[in-house]
Amino acid sequence: MSETLRRIEIPIIITIVCTLLQVVPYFVNVPPIEAASDTFRSWMVLVATCSTLIGAITLTMGHSKTIQRQGKGWYFSVLTIVFMLVMILTGLPIPEVGLGEKNLVYDFCFKNILTPLGATMYSIIAFFLTAAAYRSFRARSLEATIVLIAGCLMICYNAPLMTVAWPGFTPIGDWIFSVPNMATMRAVIIGSALGAIALAVRALLGMERGYLRGGGEE
Amino acid sequence: MAILIEGRIFGLLCLLAIMLAVVYYVQRAKGGKVPKVRRVAGVDAIDEAIGRAVEMGRPVFCSHGISGMRDATYGPQTIAGLGVLDHVAKKCAEVGARLIVPVRVPSVWPVASEIVETAYKVAGKPEEFNVDDVKYLSNDQFGYSSNYLGLLMREKAGANIMVGAYWAESMQLAETGNRVGAMQISGTANQHQLAFFVVATDYCLIGEEIFAASAYVTGDPALLSSLAGQDVGRILGVILMVLGAILITMGSNVLINLLGW
């Protein structure tokens, strides 16, 4: 029985049915198909929600092992597990006993720990960006020189001091942004969309199997 | 009541044309006619990156972005990233490199774990598979990225392969990978992140190249031929753009009406 359940044809059939149920109602107006599609979408939400539990279990198991063998930075694992449990327990949707989003501990942790940490991580991108720009913006080749010049012009375009000093930066920046930049972006978007369609067709034909446990070679 | 939804018929026809083209080229490949596919330097460099990591005695990192598999726009990127992970895992199992897979979305974790486990089984080394190396980090974007950065620094990655949908964390990951001296191969179809990957990593797969990567690495003629089907869509797109420009210049709305059919 377990061998039958592990057959690669099963996930392929599920993929084909789910894909068709999402694509077909977009183009055709057949109520039963639409109803089936809605049901599948509800299942999808349920599966995704249940998978959060997998995340919590995996996280606990991984960090517990690190704590057990006192591996590198094991105290961070203690913090991770403690805060995960605190957030799960205090965030349980039972407002009658004071739990949920309005719980004081949950609210404090969310506003004073999670949000500032997230903001910090986001803001340090500026420093990473500067370091990458310093390393990459060198006129080593024609392409690199074009990137360097365009980058410098865009910096000037975005710096009020520079546009005040020479207003010519504004039309140049606008042109770079709306002509070569836009053309490149559109080419990437069209190419990506076509690539995604080809991937979907390969998946529908059961040819794209890389994401199915190594193509079922087991 | 019309069965076909108005305003989407032309899109359906275009989609069918591209799908039929892909099927046609796949069937053609079965008859022995395989189109020539240009080399993708970033994909060719994967083996080199893994080999380098083995020589340095460092682990290989392979991530597939921070999106799940069910999103219509970003899901295909995750699937493409998992296709690359399949290839990387097989290579790592073959040469005995330690593979670390950072995961953000819980529903993707079992898929990634199965891919890596199967790769080790196929290589005849199931005992070398360590489930703890397929790491679920955090569902939070920056929780994930800070964990990933910490791992890169602590484990001293020898190679960092990132193919999938990335957002603001792309620059953080690429720069940290660079700092620890990892050879980096990146790829995304999120055009707003491409510039970061291009400047900060050694090789970058741009847009559609990530979708072609999983077909390219297998070397399977039928899969490679499906890439030629994409070109039919591209030609169709160019024809529509040129035709549209000419017709609009002439003051005709024929194409606009047709697109809205």
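Here are some questions and answers about a predicted model with chains A and B.

Q: Why is Thr90(A) called buried?
A: Buried means under 20% relative accessible area, and Thr90(A) has 12%, so the label fits.

Q: Where does Thr90(A) sit, and what does Thr90(A) touch beyond residues up to four places away in sequence?
A: Thr90(A) belongs to helix α4 of chain A, residues 74-90. Leaving out those sequence neighbours, the residues touched are Leu99(A), Gly100(A), Asn103(A), Val105(A) and Tyr106(A).

Q: What makes the pairing of the Thr90(A) side chain with the backbone oxygen of Val86(A) a polar contact?
A: The cut-off is 3.5 Å between N or O atoms. The Thr90(A) side chain reaches that oxygen at 2.6 Å, so the distance passes.

Q: Why is the link between Glu175(B) and Arg135(A) called a salt bridge?
A: The rule asks for a side-chain nitrogen of Lys or Arg within 4 Å of a carboxyl oxygen of Asp or Glu. Here an Arg and a Glu meet with N to O at 2.1 Å, so the rule is met. The count between chain A and chain B is two salt bridges, and 12 residue pairs there are in polar contact, both residues at pLDDT 80 or more.

Q: Which helix gives the most to the side of chain A that touches chain B?
A: That's α10(A), with 15 residues. Helices supplying at least two residues each include α2 (9-27), α3 (31-68) and α5 (104-123).

Q: What makes up that side of chain A by class?
A: There are 35 nonpolar, 12 polar and nine charged residues.

Q: How much area do chain A and chain B bury between them, and why quote an area at all?
A: An interface's size is often given as the accessible area lost when the parts come together. For chain A and chain B that comes to about 5,400 Å², with 71% of it on carbon and sulfur atoms. Phe27(A), Phe128(A) and Tyr211(A) supply 12% of what chain A buries against chain B, more than any other three residues. The contact takes 56 residues from chain A and 66 from chain B.

Q: How do you know how chain A compares with a compact globule of 218 residues?
A: Such a globule would have a radius of gyration near 17 Å, but chain A has 26 Å. The C-alpha atoms fill a box of roughly 70 × 50 × 40 Å along the principal axes.

Q: What secondary structure does chain A have?
A: The tally is 11 helices and zero strands.

Definitions and conventions: Residues are numbered from 1 along each chain as its sequence is written. Chains are lettered from A and ligands numbered from 1 in the order in which they are written. Side-chain values use heavy atoms; hydrogens and water are left out. Contact means heavy atoms within 4.5 Å. Buried area is the accessible area (1.4 Å probe) that two parts lose on being put together, summed over both. A polar contact is a pair of N or O atoms within 3.5 Å; within protein, one must be able to donate a hydrogen and the other to accept it, and residues adjacent in sequence count only if both atoms are side-chain atoms. Helices (H or I, at least four residues) and strands (E, at least two) are DSSP runs, numbered from the N terminus. Ala, Val, Leu, Ile, Met, Phe, Trp, Tyr, Cys and Pro count as nonpolar, Asp, Glu, Lys and Arg as charged, and the others, Gly among them, as polar. The radius of gyration is taken over C-alpha atoms; the globule rule is 2.2 Å times the number of residues to the power 0.38. Buried means under 20% relative accessible area, exposed over 50%, partly exposed in between (1.4 Å probe, protein chains only).
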